[in-house]
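Me: I should like to learn how to read the features of a protein model in order. Could we begin with contacts and then turn to the core, the helices and the surface?

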Amino acid sequence: MTNLHIIDHPLVQHKISLMRDKNTGSKEFRELVSETAMLMTYEATRNLPLKEVEIETPVAVAKTKVISGRKMAFVPILRAGLGMAEGAVTLVPAAKIGHIGIFRDPTTHKAVEYYAKLPVDIAERDVIVTDPMLATAGTAIASIAKIKEAGAASIKFMCIIASRYGVEKLMAAHPDVEIYCGAVDEELNENLYIVPGLGDAGDRIFGTK
Ligand code: PRP
Ligand code: URA
C-alpha cells in the first residue's frame, strides 16, 4: 500500500489514544484534533521542493533554502475536517482554505453534498483534504471528485483514523491520492462506525451530543 502513510510518531499515537478515550471532553478533544493535524501536516509536507537562495545574516551572506514551487490549499470536509484544518494552517499560514460540506446520511450512509467553496486557483495548488474519519470512504471519494472537477491535480487526504475498508475503497477510487493517517482500524460496525475508532468526530469536536 504505497499510497498509505501511517504517521507512527509517538506524539501522534499518544494524542490518538487520548482522543479514543470516551472520557475526553470536547475542549480537550478539539485541541487534540488540531495538534494531531499539525503534526501530521509536518509529515505530509515532507516532500515540498526547496530552492537555494542567498540571505544576508547579521554576519555574512548565507546560501540557504526556502520552499519553492506550487502553493498549498487545505480543504476541510465539514464539519469535522474544520478541526484539523485549523491545526494544519498554523504550519502553512499562507495556504488558502476551501470548504466542502458533505455529510453521511444516517440511514442510507450515502454522502450528501450541501456546500462547496474552493479557491479559484485550486488547479495551481497542492491540496490537502482534511477529515478525521475515513469509514466507508463515501464522503472522501465524493469530496475528492469535486476537488478534481475544480481542476486540482495534486491531492492528499489526511485523516486521524481510517478503516481498512475505507483505505481500500479510497485507493481504488482515487489511486493518485496519497493517504496520511494516524491509525488503521480493522472493523466497521452495523452503523458503519469505525471500531474501535473514536466515535462521532463532529459531535465530539463541537459538543453536539
Ligand atoms: C463523518 C466524518 C466523515 C464521514 C466519514 O462526518 O467526519 O466526513 O462521517 O464516513 P464515511 O467514510 O463512511 O463517508 P458526518 O457525516 O458525521 O458529518 P459531520 O462532520 O457533519 O458530523
Ligand atoms: N463518522 C465518524 O465520525 N465516526 C465514524 O466512526 C464513522 C463515521
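Reply: Contact here means heavy atoms within 4.5 Å. The model is a predicted one.

Me: Which residues does L198 touch, not counting residues up to four places away in sequence?

Reply: With those neighbours left out, L198 touches M19, R20, F29, M133, I161 and R204.

Me: How should one read a nonpolar core, and which members of the largest one touch the most other members?

Reply: In soluble globular proteins, nonpolar side chains tend to be buried together. In this model the largest nonpolar core has 29 residues, and the members that touch the most others are M19, V33, F74, M158, I160, I161 and L198. At least two residues of this core come from each of α1 (10–20), α2, β4 (71–78), α3 (81–91), β10 (154–163) and α6 (201–206). Helix α2 gives the most, with six residues. Apart from this core lies another, of 26 residues, including A140, I144, C159 and V167.

Me: How does one check the length of helix α2, and which of its residues are buried?

Reply: Helix α2 comprises 19 residues (residues 26–44), so at 1.5 Å a residue it should span 27 Å; its end C-alpha atoms are 26 Å apart, which agrees. The buried residues of α2 are F29, L32, V33, S34, T36, A37, M40, T41 and A44.

Me: What does the spacing of residues along a helix imply for side chains?

Reply: An α-helix has 3.6 residues a turn, so residues three or four places apart point the same way. In helix α2, E31 and K27 lie four residues apart, about one turn of the helix. Their side chains meet in a salt bridge (2.9 Å, N to O). K27 is exposed because its relative accessible area is 57%, whereas E31, at 36%, counts as partly exposed.

Me: Which salt bridges does D121 form?

Reply: The side chain of D121 meets that of K96 in a salt bridge (3.9 Å, N to O). This pair links distant parts of the chain: D121 is in the loop between β7 and β8 (125–130), K96 is in strand β5 (residues 96–97), and they are 25 residues apart. D121 also meets R125 in a salt bridge (3.1 Å, N to O). R125 counts as buried at 5% relative accessibility, while K96 is partly exposed at 38%.

Me: Which residues make the nonpolar surface patch of about 310 Å²?

Reply: F103, Y114 and Y115 make this patch. Y115 lies in strand β7 (residues 111–117) and, at 38% relative accessibility, counts as partly exposed.

Notes:
Residues are numbered from 1 along each chain as its sequence is written. Chains are lettered from A and ligands numbered from 1 in the order in which they are written. This is a predicted model: local features need pLDDT of at least 70, side-chain atom pairs count only at pLDDT 80 or more; totals for chains, interfaces and linings use all residues. Side-chain values use heavy atoms; hydrogens and water are left out. The expected span of a helix is 1.5 Å times one less than its number of residues. Buried means under 20% relative accessible area, exposed over 50%, partly exposed in between (1.4 Å probe, protein chains only). A nonpolar core is a set of buried Ala, Val, Leu, Ile, Met, Phe, Trp, Tyr and Cys residues joined through side-chain atoms within 4.5 Å. Patches are made of residues with over 30% relative accessible area and no salt bridge: like charges are joined within 9 Å, nonpolar side chains (Val, Leu, Ile, Met, Phe, Trp, Tyr) within 5 Å. Accessible areas come from the Shrake-Rupley method with a 1.4 Å probe; for residues, only the protein chains shown count as cover. A salt bridge is a side-chain nitrogen of Lys or Arg within 4 Å of a carboxyl oxygen of Asp or Glu.
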